[in-house]
Amino acid sequence: MTCWKDLLSPYLMGTGGLAVRDPANGELVAAVADHGPREVEAAIAAAEAAQPEWAERPAKARAAILRDWHDLILAHAEALAQLATLESGKPLAESRGEVGYAASFIEWFAEQAKRVNGEILPSPWPGKRVLVHKQPVGVTAAITPWNFPLAMITRKAGPALGAGCAMLVKPAEATPLSALALERLAHRAGVPEAVFRVLPSSAAAAVGSVLCASPVIRKLSFTGSTAVGKVLMQQAAATVTRLSLELGGSAPFIVFEDADIDAAVAGALASKYRNAGQTCVCANRFLVHHAAERAFVDRLAAAVNAMTMGHGLAPGTQIGPLIDRRAVENVHALVADALAAGATLAAGREWQADDGSFHPPVVLTGVTPHMRIAREEIFGPVAAIIRFADEAEAVAIANDTPYGLAAYVYTRDPARTWRLMDRLECGMIGFNEGIISTEIAPFGGIKESGLGREGSHHGIEEYLEMKYCLLGGMER
Ligand code: ADP
């Protein structure tokens with residue numbers, strides 16, 4: 001079995017560079033080259049030179065290379081999972097799951113690359129033919145977060161490379177190692193070096209500006225905070241660069257009085273506490289009908305009190321560290337604010353200095369919609385429970401947010417299911433399910449949660465231009 005150090009050996013630096021630390025204990029994991037604006041400019045120029053030849057290859061040839069990349073990712077699953085845990089902190093079982101999820105996008109878009117079909121439209125004129133020709137947008141860029149250090153890259157690189165684009169990736173400062181391991185495997189599979197480059201950098205804002213300002217970069221795909229997404233949107237305006245934005249969320253998790261409570265608790269545990277609550281689709285606000293509240297809270301609290309917190313590589317760990325001290329301070333402040341405003345701890349306890357970068361899993365009851373914890377993205381293992389009286393109130397609270405990414409609904413009433421499909425303002429809904437992501441479905445949000453969709457047969461369209469061609473002189 002290849003160990004992660006073998007996989008990363010060409011990138012590892014003895015001194016200097018970008019230092020990657022284990023969020024659980026602050027220990028140095030490795031250091032790699034730190035790319036500034038100059039190196040990024042050079043990578044853009046190399047990608048511009050290399051992309052046309054990649055685009056001219058038959059889709060089937062690109063697909064075969066992507067397929068090999070997918071197979072190499074799975075062949076190195078354990079090394080990649082260990083790396084993802086070491087740099088992001090998530091429990092190893094979750095990292096193993098992420099490797100499979102990450103690989104699924106490469107497999108899916110290897111297949112979709114072969115199905116980029118143009119169109120011939122019925123002509124309104126005799127002797128003229130109307131065609132729609134699809135072409136790769138060209139050189140693209142991705143800026144990715146630390147919470148899924150593998151999958152947020154493959155979800156973008158799969159469709160980009162499949163479509164015939166080149167892609168430059170600026171991974172999160174905290175997690176460049178998983179990204180570089182993916183790059184190594186892509187090159188080994190046959191993706192030309194300049195066509196897919198990973199550029200770790202400690203100068204995120206400067207690199208973001210270079211990518212947005214360059215007329216060569218025709219598309220930028222970003223996953224991260226709404227605040228940074230808005231900055232990139234402004235910067236991209238100067239060059240009218242196409243954007244895909246996967247931004248923050250504040251997912252409501254609604255439990256109606258007719259719900260299967262055991263299923264709701266299982267879904268809540270999966271949706272809320274995965275990755276210690278650090279995903280953009282994590283349940284952020286639990287809206288629970290008053291008649292279901294007692295049973296739901298009792299069972300959720302019992303499960304949360306039994307959770308094991310520890311290093312992600314330790315067997316049995318369910319809750320790892322948060323990504324850094326700032327993240328912990330933010331979650332702690334939200335919990336303290338809610339408690340001061342009248343909420344109650346139903347499970348867990350407040351963070352203490354000894355906990356370091358770990359935040360204990362918590363359930364809070366008596367939360368009201370105007371508390372900070374109900375209005376901000378928690379990004380930590382804290383379930384905030386708001387009681388509601390009827391469906392109209394639940395929908396009003398659910399939609400009272402600038403975000404619109406995911407929602408979760410537990411009900412056994414089919415008519416209510418259809419009403420909520422219409423009324424909830426978001427891009428994705430799990431009915432009686434707490435985990436919804438799959439490569440075959442369109443992932444994305446509305447309102448301030450983003451633009452565009454990733455995954456599914458729609459995902460590759462984000463990397464394609466449509467060219468309308470009118471062919472005259474075609475008389476029979
Ligand atoms: P989070 O709060 O989850 O870390 P961010 O939006 O800050 O989310 O980070 C997501 C990605 O955006 C990371 O790769 C980070 O380096 C990058 N980033 C942060 N600030 C900027 C910026 N001003 N311009 C471009 N990229 C940025």
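**Group meeting talk: empty spaces in a predicted model**

Let's start with the second largest cavity: sort its lining residues and you get 4 nonpolar, 4 polar and 2 charged. Before I go on, please keep in mind that this is a predicted model. So who are those residues? The list reads Gly249, Lys272, Gly277, Thr279, Cys280, Cys282, Ala283, Asn284, Glu377 and Phe379. The space they enclose comes to about 40 Å³.

Why talk about empty space at all? Well, rolling a probe the size of a water molecule over the atoms shows where empty space is left.

How many cavities of 30 Å³ or more does the count give? It gives 3. The largest cavity has a volume of about 70 Å³. Around the largest cavity there are 15 lining residues, and the ones nearest its centre are Pro252, Ala398, Tyr403, Glu425 and Cys426. If you want to find it on the fold, look for β10 (251–255), α14 (391–399) and β15 (406–410), the elements that each give two or more residues to that lining. The lining of the largest cavity splits into 9 nonpolar, 4 polar and 2 charged residues.

Okay, on to the pockets. The largest pocket has a volume of about 1200 Å³. It is lined by 40 residues, and closest to its centre you'll find Trp146, Gly224, Ser225, Val228 and Arg326. Two or more lining residues each come from α8 (204–213), β8 (217–223), α9 (226–237) and α12 (325–340). Which element gives the most to this lining? That's α9, with 6 residues. By type, the lining of the largest pocket has 20 nonpolar, 12 polar and 8 charged residues. And two domains take part here: domain 1 (4–247 + 449–469) and domain 2 (251–438) each supply at least three residues to the lining of the largest pocket.

Now the second largest pocket, which holds about 230 Å³ of space. Of its 15 lining residues, Glu98, Tyr101, Phe148, Arg274 and Ser437 sit nearest the centre. The elements giving two or more residues are α5 (92–112) and α6 (151–163), and α5 has the largest share, with 4 residues. Sorted by type, the lining of the second largest pocket has 7 nonpolar, 3 polar and 5 charged residues. Where does this pocket lie relative to the two domains? It lies between them, because domain 1 (4–247 + 449–469) and domain 2 (251–438) both give residues to its lining.

Let's move to the surface for a moment. Trp125, Tyr468 and Leu470 make up a nonpolar patch there, and together they have about 320 Å² of accessible area. To place one of them for you, tyrosine 468 is in strand β18 (residues 464–471).

Last topic: charges. Side chains of opposite charge can pair when their charged atoms come close. In this model, the count comes to 25 salt bridges. Here's one I'd like you to look at: lysine 156 pairs with glutamate 454, and their closest N and O atoms are 2.9 Å apart. This pair links distant parts of the chain, with the two positions 298 residues apart. Lysine 156 belongs to helix α6, while glutamate 454 is in the loop between β17 (450–451) and β18. You've met both of those elements already: α6 helps line the second largest pocket, and β18 is the strand that holds tyrosine 468.

That's my tour, so go and find these spots on the structure!

Note on methods
Residues numbered from 1 in each chain as written. Predicted model: local features only at pLDDT ≥ 70, side-chain atom pairs only at ≥ 80, totals over all residues. Heavy atoms only, no water. 1 Å grid on protein atoms, 1.4 Å probe; cavity = no way out; pocket = protein on both sides within 12 Å on 5 of 7 lines; lining within 4 Å. Points joined across faces, edges and corners; volume = space filled by probe spheres on them. Nonpolar A, V, L, I, M, F, W, Y, C, P; charged D, E, K, R; others polar. Domains from an automatic or database assignment. Patch = residues over 30% accessible without salt bridge, like charges linked within 9 Å, V, L, I, M, F, W, Y side chains within 5 Å. Areas by Shrake-Rupley, 256 points an atom, 1.4 Å probe, with all protein chains shown as cover. Salt bridge = Lys/Arg side-chain N within 4 Å of Asp/Glu carboxyl O.
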